[in-house]
Amino acid sequence: MSIQRRTLLASAISLAAALTTSLSAHAAGTIRIAALQELSGTGATVGTNFKNGMDLAIQEINAAGGILGQKIEVTYADTQSNPGVSKGLAQKAVDDDVFAVFGPGFSGSILVSMNETKRAQIPNFTGGEAASVTMQGNPYVFRTALGQQVAMPKAARYMVQTLKAKTVAVIYGNNDYGKGGRDMITKALNELGAKVVADISTDPGKLDFSAPVLQAKQSNADVVFVYTNEEEAARCLRELRKQGVTKPIFGETVLTGQKVIELAGDAANGSMAHIGLSVDAPVPAMRAFKSRFEKAFRYIPDHNGIKGYTSVYVMKAGIEKAGKVDRIAFAKAMKGLKVSTAQYPNVLMDVSFDDKGDLDRESFIVEVRGGKQVVKEVLPALNKK
């Protein structure tokens, strides 16, 4: 075979491979996505809720004809709540040439794994709230929840302006999520003239909160702010009640989540939080979602279930704005995307995305009463101020 013929043959093979790669993410009328979720380990509650929310949305969308006539096909993988496992699963998703990746939900895991999806130009949705997730200039990462840089100033304002806090004790988890939240709430409080008088780090998976709670109690702070993962938050609430802490107990999203309420029991009553999502929000579409989810899975979803559900509908809106199932076009369409419930009822609340992948929408101040979240106040989206 001549050199010219070998060159032509090699070029043809390369072109065929490129075409196969570009088409495989939506071959045979399907949009293939991968969900990397914490289905075991310390994040099992987070990942299971997110997965079930995704499943419900995918079922609804496919039953209605799919997206641009193409059905969604999803594969789930368990990160085991481990950043190293998450990175390996992200590499596999890249090898499988999926259209998009959903997860991981833990901030420490997405900070590791999103480098793999970025290199492959694969859109990556995450429930991770650490501010650093979207501060690295990754054009393919998109949040399913308010980032800490948006949520913490809202939480700080409520503590200072409504709870009249001049001093705060902060109990946080010693991981990327917890440390990021601690940094942001401290910064926001300082800007409002309040002071963190007890800065208390706790290890992930911690069982005994007697010492951290005693430290917070002895600080005599006006408010105790708790920012840990679900199981730890429930243990902390039980210990706070056991030690007779009477100062307001405040948190952000997780502290008053459904799983924490179930685990903490009566100890959860009276705790308050700023939250981005709640099935008990005074939003008819949210209440309807709660009913459908509970019917399908036999339990009440937390905010992670809402994030999983709405993220699939946001993907639908982004693809339809792009006008084609194309990863790069989709990522561009997501920049500045505004999704209204008038056009997409199943996003449940109007939402917008900025050029970093951060989202903005209304949020809530809630208090746990009688084992349920009760909305005390609705806070506007930043762009509506």
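Select proline 104 to begin, and you will find it in the loop that runs between β3 (100-102) and α4 (107-119) of this predicted model. Add glycine 103 to the selection and look at the peptide bond that joins it to proline 104, which is cis, with omega about 0°. Most peptide bonds are trans, and most residues other than glycine have a negative phi.

The next two stops concern phi. Go to serine 81, in the loop between β2 (71-78) and α3 (83-95), where phi is near 60°, a positive value in a residue other than glycine. Serine 81 counts as buried because its relative accessible area is 15%, which is under the 20% cut-off.

Then select asparagine 220, which lies in the loop between α7 (210-218) and β8 (223-227) and also has a positive phi, in this case near 55°. Asparagine 220 counts as exposed because its relative accessible area is 53%, and the cut-off for exposed is over 50%.

For the last stop, select Phe106, Ser107, Asn175, Tyr177 and Asn229 together, since these are the residues that lie nearest the centre of the largest pocket, out of the 23 that line it. The volume of this pocket is about 340 Å³. To see which helices take part, colour α4, α6 (176-191), α8 (230-242) and α11 (303-322), each of which supplies at least two residues of the lining. If you then colour the lining residues by character, they divide into 12 polar, 6 nonpolar and 5 charged.

Methods:
Residues numbered from 1 in each chain as written. Predicted model: local features only at pLDDT ≥ 70, side-chain atom pairs only at ≥ 80, totals over all residues. Heavy atoms only, no water. Helix = DSSP H or I, 4+ residues; strand = E, 2+ residues; numbered from the N terminus. Buried < 20%, exposed > 50% of the residue type's maximum accessible area, 1.4 Å probe, protein only. 1 Å grid on protein atoms, 1.4 Å probe; cavity = no way out; pocket = protein on both sides within 12 Å on 5 of 7 lines; lining within 4 Å. Points joined across faces, edges and corners; volume = space filled by probe spheres on them. Nonpolar A, V, L, I, M, F, W, Y, C, P; charged D, E, K, R; others polar.
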